[in-house]
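User: Please take a close look at the cavity in this structure. What lines the largest cavity, and which elements contribute to the lining?

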Amino acid sequence: GSYMALDPGTVEKRIQGIDTVEPAFGLPALWIAEQQKEQAEMNGYTVVESPAVLATHLMEILKRHAYEILSRQDVQTLINSVKKEHATLIDELVPNVLSVGSIQKVLQNLLRERVPVRDMVTILEALSDYAHQTKDLNTLTEYVRHSLNRTIFNQYRDQEGKVTAITLSPDVEKTIIDTVQSSVGKGTPLAMPPRYIEMLTSGLKQKVEAMSNEGLQPLLVCSPTIRHYFKRLVEPVFPNLVVISYAELPQTA
């Protein structure tokens, strides 16, 4: 019987309620009684009915854990569906080039970062193009992301077609690139000095909070070379921060 009241930045006078967290962006909100609804709207709050809040919450949970739910059998079903009209593509790719399990891991990598996997033809074509060059699944995932650039980009466009994003300074990018080059390929995990990570996350925290407070999806754009590694570096602190690369920005809208 309660309503969720959100401050979109237009609230002039606060109202009393039970503190809570909005499920989509993690923004502070209030649970209010039905008789407070009209006053809350007059005060500038966005008021949402509880069934809509519940539906949003469930959708967020499904998106967050989709990569854990996806099974090999699910992937085989998707492959079989594509094969009906693209038999040559599937015959070239599975199982001689990549196994169903490898394709599953790539799809899980995409879903983990909330990249839609509906366009299976594009995904499988990208894998077929690049799997002869490398069998590293993280690298293959990055190639697939490049092929899905328009799909990824369109998720974060506003009504005017613009995207608001954070970028890294050239010095920070160079430091991470140097670390990647010295770590990857030697069998050692990406490791940076704790003090540097603390400085980086401290500066990033202000930008992420500012975007969230404006009702925007926190989004960062960086070099393709470091995208995967940077995402894994900041994910424990900023799980909702989307990290895309410049290669995922389409040349035309």
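Analyst: The cavity comes first, then the sheet beside one of the contributing helices.

This is a predicted model, in which local features need pLDDT of at least 70 and side-chain atom pairs count only at pLDDT 80 or more, while totals for chains, interfaces and linings use all residues. Residues are numbered from 1 along each chain as its sequence is written, and side-chain values use heavy atoms, with hydrogens and water left out.

The structure holds one cavity of 30 Å³ or more (a set of points on a 1 Å grid over the protein atoms alone where a 1.4 Å probe fits but cannot get out). Its volume is about 40 Å³, taken as the space filled by probe spheres set on the points, which are joined across faces, edges and corners. The lining residues, those with an atom within 4 Å of a point, are Asn109, Glu113, Asn138, Thr141, Glu142, Arg145, Arg227, His228 and Arg232. Two or more of them come from each of α7 (137–147) and α11 (227–234), with helices being DSSP runs of H or I of at least four residues and strands runs of E of at least two, numbered from the N terminus. α7 gives the largest share, four residues. By class, the lining has five charged residues (Asp, Glu, Lys and Arg count as charged), four polar and no nonpolar ones.

α11 also lies across β6 and β7, at about 165 degrees to β7; angles run from 0 to 180 degrees between N-to-C directions of axes fitted to C-alpha atoms, for helices over the stretch in contact (heavy atoms within 4.5 Å). These strands belong to an open, parallel sheet of three, ordered β5-β6-β7.

Definitions and conventions:
On a 1 Å grid over the protein atoms alone, a cavity is a set of points where a 1.4 Å probe fits but cannot get out, and a pocket is an open set with protein on both sides within 12 Å along at least five of seven lines; lining residues have an atom within 4 Å of a point. Two strands pair if DSSP finds at least two bridges between them.
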